[in-house]
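Colleague: I'm new to this one, so could you walk me through it?
Modeller: Gladly, let's have a look together.

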Amino acid sequence: MYISDTIKYIGVNDRKIDLFEGQYAVPNGMAYNSYVIMDEKVAVFDTVDRNFSHEWLDNLQKTLAGRRPDYLIVSHMEPDHSANIAAFANLFPDAKIVASLKAFAMMQNFFGTDFQDRRVVVGEGDTLSLGARELSFHTAPMVHWPEVIMTYDSKDKVLFSADAFGKFGALDADEDWACEARRYYFGIVGKYGAQVQAVLKKLAGADVKTICPLHGPVLAENLDYYLRLYGIWSSYGIETEGILIAYTSVYGNTKKAVDLLADKLKEKGCPKVSVTDLARDDMAEAVEDAFRYGKVVLATTTYNADIFPFMRTFIDHLKERNFSNRTVALIENGSWAPQAAKVMKELLSTCKNIKFTDTTVHIKSALGEESKNQIMSLADELCQEYEAQRADTANKNDLKALFNIGYGLYVVTSNDGVKDNGLIVNTVSQLTSSPNRVAVAINKDNYSHHVIRQTGIMNVNCLSTEAPFSVFQNYGFRSGRSVDKFEGVAELRSDNGLRFLPQYINSFMSLKVEQYIDMGTHGLFICSVTEARVISKAETMTYTYYQNNVKPKPEADGKKGFVCKVCGYVYEGDELPEDFVCPLCKHGAADFEPLK
Ligand code: FEO
């Protein structure tokens, strides 16, 4: 394998190994990489597993061609790389051992010596000249052990990356890099995403042309690809759009549910459905997929008042590795006292940013009508975005999309010459900044529209998240023509003479109407800004925040009906008339949803 004229590969392939690190199946073996830099001084990077001492020493001596090494650089002390340090030291008594202080402490434990008389301790940023090149050392704690160092050769722009960027598989295995690198990454260092991120930050400034890891191939092309994947993996991001279904099944009934769900997900356009039987398939592959895809379905039986052991083990693996940022759906099976869903949810409760689906599937022994319907609902929920993305399955007239425009909520104040008035709107938008122009749309049925048409001025009060529901009831659900909305409200006025709110706002703007556009039901006022004050640092109240946190939740209490999404008014009845208008906030039938 060619790396450069002076950097040579002297590693070995292990085709005899069954379980790497005593637990990971490696059907295509492993590579233990080792390198030599032949400069004015000769530096050897790491040794190999103890089963390959002679093969490695043969490779080394052949490459040395009669020269003697000056340094053994120890990147990592795990025995798959460090087993031959003592043998090397005996064979080359003049060579110095270069490693981190923690690595020397480990050498003492492994070999009974920390090479006091011939050791070179290096830490972050230390350098070592080999003649034509200078090596710099960079600590990489917990990638994969605490003593790890990486080394950068600025002449050939090579990074000796220790375990990072490694993979399962011997070098002569013909297989995809990402598949076995991902399984290796999440198996070996998945827990230490933050530490990998720290190393990636250190590397961001370095000009790296080649990466020489301790396992897997030397990476010399398209390095951005590998760095991008490491960036996603170490930040627990979503690499591939798709769904993993991980299940256990005792008598095949849970499997039937899983198969039905998998078929439905595929029918609905899920780009990738990966199904794994946790009792029979490779657990490390299941772990890898859970971190690869954005959605995970866990299906298992209630067992000994808990969950089936393979599922518990799987969830333990996920938790150990900081499983986070995923959508999780649960399928439980139980013939009596089912509680698998509850147990799984509790187990995952410490994981960050896990969103459970609204639908949980409850199977009572075997699939029935009810559980089949739940599977259909779950498939709908999991595939909503895939169906909406596809031209042939999308609802292209779903006006609920408009609710996702990031509206704020505002109280617009005005004065008819006698009385102050206030109105809730969500239709304020800054159009330009030079000059500042702000657009405000107001329903023509509102008294404020009539007043502002005549006076040409208004104040826009930006409500903060501190505003309670009573603010919306006061300014939003009744007309200023018939009530005094400022009764009992402390009087504060801006330079244009209009009121601004003494509470619950983070800023206000005084506006002068420059242009009016008739929009049919609404009038659009395009205004200049005559005054603007920031009152507090509180967050702006958005429509979404109002919906989720301020508006009282309607209680169905067995009633059939529809609730106004704007103000919470409940219309009781089986059908909502198409021309129905909310008596409180004057929004139409489109803003109602069925009571749940
Ligand atoms: Fe390849 Fe952490 O040893």
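Colleague: Which helix do the buried residues of α15 pack against?
Modeller: Keep in mind that this is a predicted model. Helix α15 covers residues 543-550, and its buried residues are Y543, Y546, Q547 and V550. The partner these buried residues pack against is residues 469-476, helix α14.

Colleague: Thanks! Why are those buried residues on the same side of α15?
Modeller: An α-helix has 3.6 residues a turn, so residues three or four places apart point the same way. In α15 the buried ones are Y543, Y546, Q547 and V550. They lie on the same side of α15 because the arc they cover around the axis is only 125 degrees.

Colleague: Stepping back, what radius of gyration does the protein chain have?
Modeller: The C-alpha trace spans about 105 × 65 × 40 Å along its principal axes. For a compact globule of 596 residues one would expect a value near 25 Å, but the protein chain has 33 Å.

Colleague: And how many helices and strands does the protein chain have?
Modeller: Of the contacts with a separation of 6 or more, 67% link residues 24 or more positions apart. As for the elements themselves, the protein chain has 15 helices and 32 strands.

Colleague: What share of the accessible surface belongs to carbon and sulfur atoms?
Modeller: Buried residues make up 51% of the 596 residues. The accessible surface of the protein chain comes to about 27,700 Å², and the share belonging to carbon and sulfur atoms is 49%.

Terms used: Residues are numbered from 1 along each chain as its sequence is written. This is a predicted model: local features need pLDDT of at least 70, side-chain atom pairs count only at pLDDT 80 or more; totals for chains, interfaces and linings use all residues. Side-chain values use heavy atoms; hydrogens and water are left out. Helices (H or I, at least four residues) and strands (E, at least two) are DSSP runs, numbered from the N terminus. The radius of gyration is taken over C-alpha atoms; the globule rule is 2.2 Å times the number of residues to the power 0.38. Buried means under 20% relative accessible area, exposed over 50%, partly exposed in between (1.4 Å probe, protein chains only). Contact means heavy atoms within 4.5 Å. Accessible areas come from the Shrake-Rupley method with a 1.4 Å probe; for residues, only the protein chains shown count as cover. The arc is that of the directions from the helix axis to the C-beta atoms.
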